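Work through the exercises below with the sequence and coordinates open. Each task is followed by a solution in steps.

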Amino acid sequence: SIVNSQLRTGYHFQPPKNWINDPNAPMYYKGWYHLFYQYNPKGAVWGNIVWAHSVSRDLINWVALKPAIEPSIKADKYGCWSGSATMMADGTPVIMYTGVNRPDVNYQVQNVALPRNRSDPLLREWVKPGHNPVIVPEGGINATQFRDPTTAWRGADGHWRLLVGSLAGQSRGVAYVYRSKDFRRWTRASQPLHSAPTGMWECPDFYPVTADGRREGVDTSAVVDDDVSAAARVKYVLKNSLDLRRYDYYTVGTYDRKAERYVPDNPTGDDHHLRYDYGNFYASKTFYDPAKRRRILWGWANESDTAADDVAKGWAGIQAIPRKVWLDPSGKQLLQWPIEEVERLRGKKPVTLKDRVVKPGEHVEVTGIQTAQADVEVSFEVASLEAAERLDPAMAYDAQRLCSARGADARGGVGPFGLWVLASAGLEEKTAVFFRVFRAARGGGGGGKPVVLMCTDPTKSSRNPNLYQPTFAGFVDTDITNGKISLRSLIDRSVVESFGAGGRACILSRVYPSLAIGKNAHVYVFNNGKAEIKVSQLTAWEMKKPLMNGA
Ligand code: DQQ
């Protein structure tokens with residue numbers, strides 16, 4: 001393999017070997033966090049899909065159990081695909097998942113599985129009742145594009161509702177609503193919850209968030225009716241994974257319970273400009289954690305080396321660090337932050353920079369710790385926004401294009417400034433995570449406002465030529481008029497997971513250095529803009545390795 005074995009991640013979730021994809025049915029049960037995930041027990045490419053199962057006390061240290069759901073009945077003989085867990089009123093979890101029941105085409109149905117012994121906090125064994133499948137594609141539904149049931153929620157009538165992702169016609173992404181009294185007989189509502197011309201919707205997710213600025217999560221079934229006070233306190237988030245584009249986009253809106261419809265606040269939201277992550281992050285799923293009253297987001301990050309390399313390495317795919325998600329006080333978007341537990345992996349002796357000026361064209365190394373596996377938090381201050389470049393109105397909606405046209409090495413006005421991580425000592429290799437500030441055109445609503453772009457540029461991340469190294473970028477909806485902006489990067493050998501402006505924009509990127517490996521990985525602060533910047537504070541920690549599924 002041309003990918004060095006030291007590039008296997010240290011603290012991101014991974015089994016000892018083989019292929020993984022979507023996180024499934026995350027939940028908290030009797031003191032344990034459970035994570036199931038799509039897994040190929042036979043190799044490092046997608047196929048033979050079962051539900052692997054791991055448990056944890058803290059979402060950081062993981063113990064692998066036997067696979068929980070494997071093909072065993074007619075209704076899942078050719079694959080146990082993604083699904084979710086729902087807590088019944090008595091506290092028993094039920095899993096609903098997609099089964100593939102034909103060998104020739106991927107004909108999809110929905111099945112349930114129940115714990116054999118609900119007093120087992122590890123929920124080791126799952127039973128498939130004889131009445132499976134419980135939902136089949138009928139009434140004109142595309143049977144080969146019909147999957148990934150959500151966590152169900154209860155209405156005031158006590159009945160359950162859940163969504164199944166689908167494709168209507170050639171290009172309409174759809175979330176169908178199914179209702180049930182007993183989680184056994186399900187009927188489809190006449191109207192879908194929502195749809196948009198985006199292509200197939202995989203792994204839909206639909207959940208309430210508090211709308212009063214608190215960071216507390218809301219249980220999916222906590223709000224049951226349109227009681228005015230309750231409705232004012234929550235908004236809803238609908239997320240879909242776009243099969244065509246391979247990213248997770250979401251909108252914020254309201255849930256009209258009577259009509260059983262979701263209405264996004266921003267009618268152009270389905271142009272999908274809000275994403276959980278502007279990088280490599282797909283098929284995500286949230287769950288409500290009653291132990292810490294928060295909502296947690298899990299997402300899958302695929303490799304970006306070649307399939308041949310994956311086979312040679314013997315592994316492919318990781319889960320991103322679980323993120324706490326909540327609604328920004330503006331109500332316009334979500335904020336995300338690595339769960340606090342990850343901080344327990346920080347080494348005792350962080351290194352810091354304080355009030356360090358970085359002049360145009362200058363870079364400063366962060367020394368004193370190993371940074372192949374690190375957590376870096378930095379607060380920047382730009383002295384003046386005067387030098388900000390004008391934003392080309394033609395590019396104003398295309399962060400990705402803007403960033404690929406002007407990468408980390410293209411000299412700018414305010415920025416590019418940020419971090420070079422997984423960098424080699426001679427800077428032959430480096431992954432840039434950075435900001436660039438533009439000034440919107442006056443008129444046309446821009447009013448000369450500063451516009452902040454966040455990017456990850458991996459085009460220099462490796463001398464290995466056979467890698468997919470896309471530049472990732474998103475606009476950061478933050479007020480930078482005071483010149484201040486923060487960045488946090490979780491670096492883990494072949495992954496860089498970054499959070500801009502307190503979690504207003506996130507970018508996960510997979511990179512495979514050939515030199516910046518282990519002790520040879522460095523971190524620098526760089527400034528390729530005309531404006532001077534200051535690192536008001538930088539703290540970098542080495543990250544310890546947790547228990548990771550016995551690997
Ligand atoms: N992965 C699963 C599907 C889902 C897709 C199959 C998303 O259920 O739609 O492994 O990555």
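**Exercise 1. A strand with several partners**

Task: Find how many residues lie between E12 and E13 in their hairpin, and which residue in the turn has a positive phi.

Solution. Step 1: the E12–E13 hairpin has five residues between its strands, and Phe183 in the turn has a positive phi of about 65 degrees. Strands (E, at least two residues) are DSSP runs, numbered from the N terminus. The model is predicted: local features need pLDDT of at least 70, side-chain atom pairs count only at pLDDT 80 or more, and totals for chains, interfaces and linings use all residues. Residue numbers start from 1 along each chain as its sequence is written.

Step 2: strand E13 (residues 186-188) pairs with E12 in the antiparallel sense over three bridges; two strands pair if DSSP finds at least two bridges between them. Within this pairing, Thr187 of E13 stands opposite Arg179.

Step 3: E12 also pairs with strand E14 (residues 194-196), in the antiparallel sense and over three bridges. Here His194 of E14 stands opposite Ala175.

Step 4: strand E11 (residues 160-168) is antiparallel to strand E12 (residues 172-180), with nine bridges. Val174 in E12 is the bridge partner of Ser166. E11 and E12 form a hairpin with three residues between them, and its turn includes Gly169, whose positive phi is about 65 degrees.

**Exercise 2. Val234 and its strand**

Task: Decide whether Val234 counts as buried, partly exposed or exposed, and place its strand among its partners.

Solution. Step 1: Val234 lies in strand E16 (residues 234-242).

Step 2: Val234 has 18 C-beta neighbours inside 10 Å and therefore counts as partly exposed. The cut-offs are 20 or more other C-beta atoms within 10 Å for buried, 12 or fewer for exposed, and partly exposed in between, with C-beta atoms placed from the backbone.

Step 3: leaving aside neighbours within four places in sequence, Val234 is in contact with Pro208, Val209, Thr210, Ala211, Val218 and Val223. Two residues are in contact if their C-beta atoms, placed from the backbone, lie within 7 Å. Val209 is 25 residues away from Val234 along the chain, and their C-alpha atoms are separated by 5.4 Å.

Step 4: E16 pairs with E15 in the antiparallel sense over eight bridges, and Asp205 has Lys239 of E16 as its bridge partner. E16 also pairs with strand E17 (residues 247-256), antiparallel and over seven bridges, where Tyr247 of E17 stands opposite Leu242. The E16–E17 hairpin has four residues between its strands, and Arg246 in the turn has a positive phi of about 60 degrees.

**Exercise 3. An open sheet**

Task: State which strands stand at the edges of the five-strand open sheet.

Solution. Step 1: the strand order is E4-E3-E2-E1-E21, with mixed pairing.

Step 2: the edges are strand E4 (63-69) and strand E21 (315-316); each has a single partner strand, so one side of each is left without a neighbour in the sheet.

Step 3: inside the sheet, E1 and strand E2 (residues 32-40) pair in the antiparallel sense over seven bridges. Phe36 in E2 is the bridge partner of Asn24.

**Exercise 4. Two domains and a core**

Task: Describe how domain 1 and domain 2 meet, and which residues of the largest nonpolar core touch the most other members.

Solution. Step 1: the protein chain is divided into domain 1 (16-340) and domain 2 (346-542), with bounds from an automatic or database domain assignment. Their C-alpha centres lie 32 Å apart.

Step 2: 22 residues of domain 1 are in contact with 24 residues of domain 2. On the domain 1 side, strand E24 (residues 334-338) gives the most, four residues.

Step 3: the largest nonpolar core has 162 residues, of which Leu419, Val452, Leu453 and Val523 touch the most other members. Such a core is a set of buried Ala, Val, Leu, Ile, Met, Phe, Trp, Tyr and Cys residues joined through C-beta atoms within 7 Å. Strand E29 (residues 414-423) supplies the largest share of this core, seven residues. At least three residues of the core come from each of domain 1 and domain 2.

Step 4: beyond four places in sequence, the contacts of Val523 include Leu419, Trp420, Val421 and Ala540.
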